[in-house]
Amino acid sequence: MTDRLPHALRSDALDNRERILEAARAVFAVDGLDVPMREVARRAGVAPATLYRRFPSKETLVTEAFAEQMYACRGVVDEGLADPDPWHGFCLVIEKMCELHARDRGFTAALMSTFPHAVDFEARREYALRAIDELARRAKEAGRLRPDFVLDDVILVLMANSGIRVTSPTAQVSASRRFAALAIAAFQASPDVSPLPPVARLAPPASVSRGSQMG
């Protein structure tokens, strides 16, 4: 029995860690990063001391909670940079970044925050932003991206995308894809009329009906 005890403790510690991270991602997505650590512990079903033992600071918790998303973000920008058509690569980044953030709204808040002591997290974010800036430069040189585009426009799109609120994760992604298509159309140097992705239901039919009668 004593031989099995350390393994059981390690298993319990791992379970606690995963519960804390899942709770953190869920609560950050709804209430932002200012949620108290004790609330995260309560949602995870662990004692505050257990949370602080695993994650001694809010910065540590946030960066660990969204480490996987940051890796995915890097994969997206690398895929865009590798595309021989810079405009297609730029569009791919906008589409996939919006979808990534739509699937986890808390990640947007994490990406917009600064974490001086989380060196790896900061380095990955800076890499992603520099990559997007480089891709935008190539797309401008190809004459496809409007010349007045700036990197902050991507941040603006992600912030707006995170404000989409619908009734299900599927609808969230659907609405995000349509929003990304609208943003891309606005970024084009010479806009063309391309079909938009299917519309997502954002309001109950009754509300739409009342709105249509106001004119």
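Is the crossing of helix 6 and helix 9 left-handed or right-handed? In this predicted model, the crossing of these two helices turns out to be right-handed. Two packed helices are described by the angle between their axes and by how far apart those axes are. For helix 6 and helix 9, the angle is about 35°, and the axes lie 9 Å apart. Looking at who touches whom, helix 6 brings I94, M97, C98, H101 and A102 to the meeting place. Helix 9 answers with V154, V157, L158 and N161.

Helix 6 also takes part in some ring-to-ring contacts. There are 7 aromatic pairs in the structure, and one of them joins F90 to F149. A pair of aromatic rings is described by two things, the distance of the centres and the angle of the planes. For F90 and F149, the centres are 5.4 Å apart and the planes stand at 90°, an edge-to-face arrangement. F90 sits in helix 6 (residues 86–103), while F149 belongs to the loop between helix 8 (119–141) and helix 9 (151–162), so this pair ties together parts of the chain that are 59 residues apart in sequence. Both F90 and F149 are buried.

F149 has a second partner, F187. This pair is edge-to-face too, with 5.1 Å from centre to centre and 80° between the planes. Again, distant parts of the chain are linked: F149 comes from the loop between helix 8 and helix 9, and F187 from helix 10 (residues 169–187), 38 residues away. F187 is buried, as is F149. Add W87 to F90, F149 and F187, and the four residues make up one aromatic cluster.

Another ring has a charged neighbour. R74 lies over the face of Y127, at 3.8 Å from the ring centre.

What about P195, is this residue buried or exposed? P195 is found in the loop between helix 10 and helix 11 (205–213). With a relative accessible area of 77%, P195 counts as exposed, because the cut-off for that label is anything over 50%. Along the chain, P195 and A181 are 14 residues apart, and their C-alpha atoms are separated by 8.9 Å.

Finally, there is a stretch with a label from a database. In an unreviewed entry, UniProt lists residues 36–55 as "DNA-binding region". In the model, 75% of that span is helix and 0% is strand. Its two end C-alpha atoms lie 13 Å apart.

Terms used
Residues are numbered from 1 along each chain as its sequence is written. This is a predicted model: local features need pLDDT of at least 70, side-chain atom pairs count only at pLDDT 80 or more; totals for chains, interfaces and linings use all residues. Side-chain values use heavy atoms; hydrogens and water are left out. Rings of Phe, Tyr and Trp (its six-membered ring) pair if their centres lie within 6.5 Å; planes under 30 degrees apart count as stacked, over 60 as edge-to-face and the rest as tilted. Helices (H or I, at least four residues) and strands (E, at least two) are DSSP runs, numbered from the N terminus. Buried means under 20% relative accessible area, exposed over 50%, partly exposed in between (1.4 Å probe, protein chains only). A charge sits over a ring if NZ of Lys or CZ of Arg is within 6 Å of the ring centre and within 35 degrees of the ring normal. UniProt positions are given in the numbering used here, feature names are shortened, and annotations may be inferred rather than shown by experiment. Axes are lines fitted to C-alpha atoms, for helices over the stretch in contact, and angles run from 0 to 180 degrees between N-to-C directions. A crossing is left-handed if the near helix is turned anticlockwise from the far one by less than a right angle, and right-handed if clockwise. Contact means heavy atoms within 4.5 Å.
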